[in-house]
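Let's go through a few of the labels one might put on this model and check each against its definition.

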Amino acid sequence: MFARNVTMRLKPNSVQEFTRTFEKEVLPMLRKQTGFQDELTLVIPGGTEAVGISLWEQKENAEIYDRG
């Protein structure tokens with residue numbers, strides 16, 4: 001298993017919008033990717049930073065997604 005970390009800066013007061021967009025657009029796209037296992041997303045309510053940790057079967061699967 002391989003984990004890929006991504007840190008994102010959010011606009012002030014946009015946590016709800018980020019969460020909604022992630023759940024409706026990003027997560028469904030990730031689920032279609034070869035080797036994708038799961039996603040952990042951490043956001044402090046009212047914060048301006050999010051951390052995403054995606055889990056992949058192999059490092060190569062994550063690299064292919066990253067390049068795409």
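Q: Which residues on the other side of helix 2 are called exposed, and what makes them so?
A: They're Ile-64 and Arg-67. This is a predicted model, and exposed here means over 50% relative accessible area, so both residues are above that cut-off.

Q: Which residues of helix 2 are called buried?
A: Asn-61, Ala-62 and Tyr-65, in the helix spanning residues 59-67. Buried means under 20% relative accessible area, so these three fall below that value.

Q: How do you know that they sit on the same side of helix 2?
A: Look at the arc: they cover only 95° around the axis, which puts them on the same side.

Q: What covers the buried residues of helix 2?
A: The cover includes strand 1 (2-9), helix 1 (15-31) and strand 3 (49-56). Helix 2 itself lies across strand 1 and strand 3, at about 30° to strand 1.

Q: What makes strand 1 and strand 2 edge strands?
A: The open sheet has 3 strands in the order 1-3-2, with antiparallel pairing. Strand 1 and strand 2 (36-43) each pair on one side only, and that earns them the edge label. From one strand to the next, the twist averages 15°.

Q: Why are strand 1 and strand 3 called paired?
A: Pairing takes at least two bridges. Strand 1 and strand 3 are joined by 8, so they qualify, and they run antiparallel. One of the partnerships links Thr-7 to Val-51 in strand 3.

Q: What does helix 1 touch in the sheet?
A: Helix 1 packs on the sheet, touching strand 1, strand 2 and strand 3, and its direction makes about 170° with that of strand 2.

Terms used
Residues numbered from 1 in each chain as written. Predicted model: local features only at pLDDT ≥ 70, side-chain atom pairs only at ≥ 80, totals over all residues. Heavy atoms only, no water. Buried < 20%, exposed > 50% of the residue type's maximum accessible area, 1.4 Å probe, protein only. Helix = DSSP H or I, 4+ residues; strand = E, 2+ residues; numbered from the N terminus. Arc of directions from axis to C-beta. Contact = heavy atoms within 4.5 Å. Axes fitted to C-alpha atoms, helices over the stretch in contact; angles between N-to-C directions.
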